[in-house]
Amino acid sequence: MAFIRRRWFQIFLSGLVLLYLVEKAVITTNNPNFIPSVILLGSFLVPVTFVTYLYENLPDWEDLLPPMAICFLWGGVAGTVIAGNLEYDVFKALGFLPMLGVGLIEESAKLIFPLMYYLQGRHRSLTAGILLGTASGMGFAALETMGYSFVSLLESKGNLVVLDGVLLARGLFSPAGHAAWTGLVCAVMWRQRNQVGHNTLLNWQVVKAFLTAVLLHALWDIFNSTGRDTSIEFIILEILSLSVAYTSISLLNKQVREAQLPFQ
């Protein structure tokens, strides 16, 4: 039961309790003023928990909390705003290429703040790359979930069950989505710089990691936006989506295991 003393578990448990209490207040009082708190808590609970989990399980050789907070908050805001504006024209069309465009835009936008720290050169460990990348990805995911949750609440005319479904689905899969994709790219970027000895943004390994993240992102969007008219289509698309999620989190986990080795 040692995990009970871990910060990530305490954050997750206390967040669940607060979320339950706020939703109970909405139901009991029928007061819509509590709904923004439901969306805020539900959107940030898993992202904050996951980033805390990684921080506690990776070697702490640098003072990373301030840059992590900046990447999470400002990186998430900048990423969603920039991506939202650039995607306006992309969403006018349907098909595979537009989804690749969305993946390219969002994966680039999430890298803005981690890249600032990368070019600054103060935080050079593989741990720093993973934490700054996943923090930016999770900040993006949390804010994106807030948007989807608000829209679902409006479309369902205030149905809390629909809102909870969106928060649950997006929360559970966020570590295997935005966090894994941005974390992977930043991990490879930081590791390549340590191996080569200088900034390596155009290194083939970095480019390959970025293209992998864009492709996984595009496949995830395609499988989750395709119509599911029959039970067979539903099963196939769910399996494909889970395969993308498993591949994404496995690639990030590989980087985490390497960071846990000495002298990374």
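These legends go with four close-up views of a predicted model.

**View 1. Helices α1 and α2 side by side.** Here we look at α1 (7-29) and α2 (35-57). Their axes cross at roughly 175° and come within 9 Å. Angles over 145 degrees count as roughly antiparallel, and α1 and α2 are therefore roughly antiparallel to each other. On the α1 side, the contact is made by R7, W8, I11, F12, G15, L16, L18, L19, V22, E23 and V26. Facing them from α2 are I35, S37, V38, L41, G42, L45, V46, V48, T49, T52, Y53 and E56. Sorted by class, the contact of α1 with α2 has 15 nonpolar, five polar and three charged residues.

**View 2. The second largest pocket and its lining.** This pocket has a volume of about 420 Å³. Its lining is made of 18 residues, and those nearest the pocket centre are F12, L16, L45, V46 and L168. If you have just come from View 1, you will recognise F12 and L16 of α1 and L45 and V46 of α2 from the contact between those helices. Helix α7 (160-173) joins α1 and α2 here, as each of the three supplies at least two residues of the lining. The lining divides into 13 nonpolar, three polar and two charged residues.

**View 3. Helix α9 packed against helix α10.** In this view, α9 (residues 204-225) and α10 (residues 231-259) pack with their axes 9 Å apart, at an angle of about 155°. That angle makes α9 roughly antiparallel to α10. The crossing of the pair is left-handed. To trace the contact, start with T212, L216, L219, W220, F223 and N224 in α9. These meet L237, L240, S241, V244, A245, T247, S248 and L251 in α10. Nine residues of the contact of α9 with α10 are nonpolar and five are polar, with no charged residues.

**View 4. Helix α8 crossing helix α10.** Now α10 appears with another partner, α8 (residues 175-196), and the two axes come within 8 Å and cross at roughly 40°. The helices α8 and α10 are therefore oblique to each other. Helix α8 passes α10 in a left-handed crossing. From α8, the contact takes in P175, A176, A179, A180, W181, G183, L184, A187, V188 and R191. From α10 come A245, S248, I249, L251, L252, Q255 and E258. Among these α10 residues, A245, S248 and L251 also meet α9 in View 3. By class, the contact of α8 with α10 has 12 nonpolar, three polar and two charged residues.

Note on methods. Residues numbered from 1 in each chain as written. Predicted model: local features only at pLDDT ≥ 70, side-chain atom pairs only at ≥ 80, totals over all residues. Heavy atoms only, no water. Axes fitted to C-alpha atoms, helices over the stretch in contact; angles between N-to-C directions. Helix = DSSP H or I, 4+ residues; strand = E, 2+ residues; numbered from the N terminus. Parallel < 35°, antiparallel > 145°, perpendicular 65-115°, else oblique. Left-handed = near helix turned anticlockwise from the far one by under 90°. Contact = heavy atoms within 4.5 Å. Nonpolar A, V, L, I, M, F, W, Y, C, P; charged D, E, K, R; others polar. 1 Å grid on protein atoms, 1.4 Å probe; cavity = no way out; pocket = protein on both sides within 12 Å on 5 of 7 lines; lining within 4 Å. Points joined across faces, edges and corners; volume = space filled by probe spheres on them.
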